[in-house]
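Please open the model in your viewer and keep the sequence beside it, because each stop on this tour asks you to select something and then look at what surrounds it.

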Amino acid sequence: MSQWITICKLDDILPETGVCALVGNEHVAIFRPYDTAELYAISNIDPFAEASVLSRGIIGQHENELYVASPLKKQRFRLKDGYCIDDAKYSIAHYQVKVNADGFVEVKSFC
């Protein structure tokens with residue numbers, strides 16, 4: 001069963017940053033790369049370091065695709081789908097994310 005979980009107001013996420021949220025039992029990193037309502041959500045767990053840190057990574061672009069670079073070991077994960085640009089076998093989960101009519105960020109949980 002899946003459901004939408006309210007995380008925070010859109011304005012609580014500064015442009016060009018990410019935040020971490022606990023969605024069900026999953027650590028989810030939510031990114032706002034621009035000063036718009038465009039959001040991305042991927043696992044916050046860096047599979048190389050086995051640490052919940054990706055929300056603190058740096059957002060960049062490679063071949064017209066947005067990614068986040070891990071703050072620990074610098075591997076890059078594509079924001080749209082969690083694909084690991086540096087080693088595909090370490091790709092991570094991605095989540096549906098939206099801003100509702102009241103301006104709150106919601107992530108789809110798969111509990």
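Select K9 and F104 to begin: the charged end of K9 sits over the ring of F104, at 4.6 Å from its centre, where sitting over a ring requires NZ of Lys or CZ of Arg to be within 6 Å of the ring centre and within 35 degrees of the ring normal. Then select R76 and Y67, where the charged end of R76 sits over the ring of Y67, 5.6 Å from its centre.

Before you go further, note that this is a predicted model, in which local features need pLDDT of at least 70 and side-chain atom pairs count only at pLDDT 80 or more, while totals for chains, interfaces and linings use all residues. Residues are numbered from 1 along each chain as its sequence is written, and side-chain values use heavy atoms, with hydrogens and water left out.

**The open sheet**

Now select residues 3-9, which form strand β1, residues 97-99, which form strand β11, and residues 104-109, which form strand β12; strands here are DSSP runs of E with at least two residues, numbered from the N terminus. These 3 strands form an open sheet in the order β1-β12-β11, with antiparallel pairing, and two strands are said to pair if DSSP finds at least two bridges between them. Because β1 and β11 stand at the edges with a single partner strand each, one side of each is left without a neighbour in the sheet. From one strand to the next the twist averages 30°, an angle taken between N-to-C directions on a scale from 0 to 180 degrees, with axes that are lines fitted to C-alpha atoms.

How many bridges join β1 to β12? There are 6, and I5 is a useful residue to pick out here, since I5 stands opposite V107 in β12. On the other side, β11 and β12 pair over 3 bridges, and V99 stands opposite V105 in β12. These two strands, β11 and β12, form a hairpin with 4 residues between them, and in the turn you can select G103, which has a positive phi of about 85°. If you colour β12 by accessibility, you should find the strand mostly covered, with 5 of its 6 residues buried, where buried means under 20% relative accessible area, exposed means over 50%, and partly exposed lies in between (1.4 Å probe, protein chains only).

**Two tyrosines**

Next, select Y40, which lies in strand β4 (residues 40-43). Is Y40 buried or exposed? Y40 counts as buried because its relative accessibility is 19%. Strand β4 pairs with β3 (residues 26-32) in the antiparallel sense over 4 bridges, and F31 stands opposite Y40. Leaving out residues up to four places away in sequence, Y40 touches A29, I30, F31, P33, L66, L79, K80 and V97, a contact being heavy atoms within 4.5 Å. The side chains of Y40 and E38 are also joined by a polar contact of 2.3 Å, a term that covers a pair of N or O atoms within 3.5 Å; within protein, one must be able to donate a hydrogen and the other to accept it, and residues adjacent in sequence count only if both atoms are side-chain atoms.

Strand β4 is also joined to β10 by 2 bridges, and the two run antiparallel, with I42 opposite H94 in β10. Select Y95, which is found in β10 (residues 94-95) and is buried, with a relative accessible area of 12%. Apart from neighbours within four places in sequence, Y95 is in contact with E26, V28, A41, I42, S43, V107 and K108.

**A cluster of rings**

For the last stop, select F48, F77 and Y90, which ring pairs link into a cluster. The count comes to 2 aromatic pairs, and in one of them the rings of F48 and F77 have their centres 6.3 Å apart and their planes at 55°, so the pair is tilted. Rings of Phe, Tyr and Trp (its six-membered ring) pair if their centres lie within 6.5 Å, and planes under 30 degrees apart count as stacked, over 60 as edge-to-face and the rest as tilted. The pair links distant parts of the chain, 29 residues apart, with F48 in the loop between β5 (45-46) and β6 (51-52) and F77 in strand β9 (residues 76-78). F48 counts as partly exposed at 23% relative accessibility, whereas F77 is buried, with a relative accessible area of 0%.
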